[in-house]
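Here is a walk through one protein, taken a piece at a time. Have the sequence and the 3D view open as you read.

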Amino acid sequence: MTLHHGKKGIWAWLRRPSASISLGGLLLAGIALGIFFWGGFNTALEATNTEAFCISCHEMRDNVYPEYKETVHYSNRTGVRATCPDCHVPKDWTYKMIRKVQASKELWGKLAGTIDTREKFEAKRLELARHEWQRMKASDSRECRNCHGLESMNPELQKQRARKQHQMATEDGMTCIDCHKGIAHHKPEGMTDDDE
């Protein structure tokens, strides 16, 4: 059958049972493939968003992970634990994808061997920390605020110094990372007054 009969001929052809089945089949196959590939992509993405994945390389496992295990984010009276992705990966899909692309530079550091020993890691630690602090400041400490919010805090239950500092931070438009560097990892050597 030729399709040179104009619009009427195309619609007549599309109404034929065999054409409907083939178009419907193609559409169904496309939807199924889309779901399959999206599911696979999302599964892989979430697999890279676990503490086990983060500490699978020795740069993290042997350097910053032991420090984290000594903090209130790892062990506390309530049993709530913040893992690596809770603090370092946004929950919102768009920001998560941006962060994953940024993290590929860190992966490159591992593959290129620029941070593959404790000595090399420590030599780059301040630079790595500054990048993370800058990212957190730019996002108004978005990941911290997933669990902590000034509006949810009860100042009466805080120590006087903490209450005063939080009030000043709010008035000055500061964000969590401005004061809480070193909350989950040791502060790097060589920090300047600007870093504090």
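Let's begin with charged pairs: a search through the whole structure turns up 15 salt bridges. Keep in mind as you look around that this is a predicted model. The general idea behind such pairs is simple: side chains of opposite charge can pair when their charged atoms come close.

A good one to find is the bridge between the side chains of Glu-132 and Arg-99, with an N to O distance of 3.6 Å. Glu-132 sits in helix α7 (residues 118-138) while Arg-99 belongs to helix α6, so this pair ties together parts that lie 33 residues apart in sequence. Both ends are tucked away: Glu-132 is buried, and Arg-99 is too.

Now move along to Arg-142, which makes a salt bridge with Glu-143; their closest N and O atoms are 3.0 Å apart. Salt bridges with shared partners link Arg-99, Glu-132, Arg-135, Arg-142 and Glu-143 into one network. How covered are the two residues we just visited? Arg-142 has a relative accessible area of 25%, so it counts as partly exposed. Glu-143, at 3% relative accessibility, falls under the 20% cut-off and therefore counts as buried.

Another bridge to look up joins the side chains of Arg-145 and Asp-140, at 3.1 Å from N to O. Arg-145 is partly exposed, with a relative accessible area of 29%. Asp-140 is partly exposed as well, at 39% relative accessibility.

Let's go back to helix α6, where Arg-99 lives. Does the length of this helix fit or clash with what its residue count predicts? The helix runs over residues 93-112, which is 20 residues, and at 1.5 Å a residue it should span 28 Å; the C-alpha atoms at its ends are 29 Å apart, so the two agree. Along the helix, Lys-96, Met-97, Arg-99, Lys-100 and Gly-109 are buried. As for how positions line up on a helix in general, an α-helix has 3.6 residues a turn, so residues three or four places apart point the same way. Just past the end of α6 comes Gly-113, which takes a positive phi of about 85°.

For another buried side chain, try helix α4 (residues 58-68), where you'll find Asn-63. Asn-63 has a relative accessibility of 4%, so it counts as buried. A polar atom of the Asn-63 side chain lies 2.8 Å from the backbone oxygen of Glu-59.

For a contrast, head to helix α2 (residues 17-47), which holds Ile-35. Is Ile-35 buried or exposed? Ile-35 is exposed, because its relative accessible area is 60%, and the cut-off for that label is over 50%. Together with Leu-27 and Ile-31, Ile-35 makes a nonpolar surface patch of about 320 Å².

Last stop: the cysteines. A disulfide is a covalent bond between the sulfur atoms of two cysteines. How many disulfides does the structure hold? Zero. Take Cys-57: the nearest cysteine sulfur belongs to Cys-54 and is 8.4 Å away, and Cys-57 is in no disulfide. Cys-57 is also buried, with a relative accessible area of 17%. Cys-176 is in no disulfide either, its nearest cysteine sulfur being that of Cys-144 at 4.4 Å. A disulfide needs the two sulfur atoms within 2.5 Å, so a distance of 4.4 Å doesn't qualify.

Technical notes:
Residues numbered from 1 in each chain as written. Predicted model: local features only at pLDDT ≥ 70, side-chain atom pairs only at ≥ 80, totals over all residues. Heavy atoms only, no water. Helix = DSSP H or I, 4+ residues; strand = E, 2+ residues; numbered from the N terminus. Expected span 1.5 Å × (residues − 1). Buried < 20%, exposed > 50% of the residue type's maximum accessible area, 1.4 Å probe, protein only. Patch = residues over 30% accessible without salt bridge, like charges linked within 9 Å, V, L, I, M, F, W, Y side chains within 5 Å. Areas by Shrake-Rupley, 256 points an atom, 1.4 Å probe, with all protein chains shown as cover. Salt bridge = Lys/Arg side-chain N within 4 Å of Asp/Glu carboxyl O. Polar contact = N/O pair within 3.5 Å; in protein donor to acceptor, adjacent residues only side chain to side chain.
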